[in-house]
Amino acid sequence: MTRILLVEDDTMMGQAVKIALSQAGHVVDVADMAEEAEAALDTTPYDLVVMDINLPGKSGLELVAGLRRRKKDIPVLALTARNTTQQKVEGLNAGMDDYLVKPFELEELLARVQALLRRHRGRLSSHITNGAITLDAVAKIVHKDGKLVNLSAREFAILSILMENAGKVMNKQLIEDKLYGWDIEIDSNAVEVHISHLRKKLGEQLIRTIRGLGYIVEKIA
């Protein structure tokens with residue numbers, strides 16, 4: 001599961017991109033100004049930023065340059081109508097990781113998002129394997145011992161977070177932050193309920209609770 005910050009001041013464009021990203025399984029928050037985006041990036045653990053360069057007030061170039069000065073290495077995909085070589089070079093030199101010129105096909109946007117996420121996480125494939133469990137981040141399917149296991153969208157998202165960070169304890173708040181957008185109400189025990197279901201489907205020993213700290217999937221060769 002990935003949480004994406006979309007920075008776009010065109011309401012129609014922003015809505016179309018948000019719907020496409022959400023349907024692909026991402027949690028998406030939308031900001032329409034660079035200043036709002038900066039505040040969100042300071043408080044929320046995003047996996048990727050998709051931003052228009054031409055924003056009111058501070059530009060997207062200024063926003064990403066500021067992120068790089070503050071040593072934030074979050075990948076950034078730029079959306080822009082500026083399509084000359086010099087303009088693209090300017091954006092890449094400011095710290096953009098990829099560039100998509102408007103108008104664009106949503107299918108290409110989704111492909112570039114997946115490629116950036118794989119690159120940032122140091123993976124060449126969308127598959128994550130840990131012991132008997134294999135997770136396909138693109139197809140959104142999970143196999144155990146080669147057999148397909150049916151998971152809900154939330155169950156898949158939590159398993160994805162834990163398997164991407166195998167060997168690390170992930171606290172409940174961090175899981176909630178990655179799992180839910182700004183406009184979603186969260187039940188206080190939602191994460192616990194989903195983890196209980198995952199244990200029933202994939203084995204009680206897969207996810208361990210570290211009392212007072214969070215949850216962990218042990219790294220298995």
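Which side chain meets that of lysine 201 in a salt bridge? In this predicted model, the partner is glutamate 155, and the two side chains come to 2.7 Å, taken from N to O.

## A bridge between helices α6 and α8

The pair formed by lysine 201 and glutamate 155 links distant parts of the chain, since lysine 201 belongs to helix α8 (residues 190-202) and glutamate 155 to helix α6 (residues 153-164), with their positions 46 residues apart in sequence. The two partners are not equally covered: lysine 201 has a relative accessible area of 37% and is therefore partly exposed, whereas glutamate 155, with a relative accessibility of 4%, falls under the 20% limit and so counts as buried.

## Other salt bridges

The structure holds 11 salt bridges in total, and another of them joins the side chains of arginine 3 and aspartate 29 at 2.7 Å, N to O. Because arginine 3 lies in strand β1 (residues 3-7) and aspartate 29 in strand β2 (residues 27-31), this pair ties together parts of the chain that are 26 residues apart in sequence. Both arginine 3 and aspartate 29 are buried.

A further salt bridge, between the side chains of glutamate 108 and arginine 112, has an N to O distance of 2.9 Å. Here both residues lie in helix α5 (residues 106-120), and their spacing of four residues corresponds to about one turn of the helix. Glutamate 108 is partly exposed, at 33% relative accessibility, and arginine 112 is likewise partly exposed, with a relative accessible area of 25%; both values lie between the limits of 20% and 50%, which is why neither residue counts as buried or as exposed. In general, side chains of opposite charge can pair when their charged atoms come close.

## Strand β1 and its neighbours

Strand β1 is mostly covered, with five of its five residues buried. The burial extends to both faces of the strand, for Arg3, Leu5 and Val7 are buried on one side, and Ile4 and Leu6 are buried on the other. This arrangement can be read against a general rule, by which the side chains of a regular strand alternate between the two faces of the sheet.

On one hand, β1 pairs with β2 in the parallel sense over five bridges, and within that pairing aspartate 29 of β2 is the bridge partner of leucine 5. On the other hand, β1 also pairs with strand β3 (residues 48-52), again in the parallel sense, over four bridges, where leucine 48 of β3 is the bridge partner of isoleucine 4. The connection from β1 to β2 includes helix α1 (residues 11-23), and the three elements together make a right-handed β-α-β unit.

## The sheet and the helix packed on it

The strands form an open sheet of five, in the order β2-β1-β3-β4-β5 and with parallel pairing. At the edges stand β2 and β5 (98-101), each of which pairs on one side only. Neighbouring strands of the sheet are turned against each other by 20° on average, when direction is ignored.

Helix α2 (residues 34-43) packs on this sheet and touches β1, β2 and β3, while its direction makes about 165° with that of β1.

## Helices α3 and α4

Helix α3 (residues 60-69) and helix α4 (residues 85-94) pack at an angle of about 30°, and their axes are 8 Å apart. Since this angle is under 35 degrees, α3 and α4 are roughly parallel to each other. In their contact, Leu61, Val64, Ala65 and Arg68 of α3 meet Glu90, Gly91 and Ala94 of α4.

## Glutamine 114 in helix α5

Is glutamine 114, a residue placed in helix α5, buried or exposed? At 15% relative accessibility, glutamine 114 is under the 20% limit and therefore counts as buried. When residues up to four places away in sequence are not counted, glutamine 114 touches His26 and Val138.

Key. Residues numbered from 1 in each chain as written. Predicted model: local features only at pLDDT ≥ 70, side-chain atom pairs only at ≥ 80, totals over all residues. Heavy atoms only, no water. Salt bridge = Lys/Arg side-chain N within 4 Å of Asp/Glu carboxyl O. Helix = DSSP H or I, 4+ residues; strand = E, 2+ residues; numbered from the N terminus. Buried < 20%, exposed > 50% of the residue type's maximum accessible area, 1.4 Å probe, protein only. Pairing = 2+ DSSP bridges. Right-handed = clockwise from strand over helix to strand, strands pointing away. Axes fitted to C-alpha atoms, helices over the stretch in contact; angles between N-to-C directions. Contact = heavy atoms within 4.5 Å. Parallel < 35°, antiparallel > 145°, perpendicular 65-115°, else oblique.
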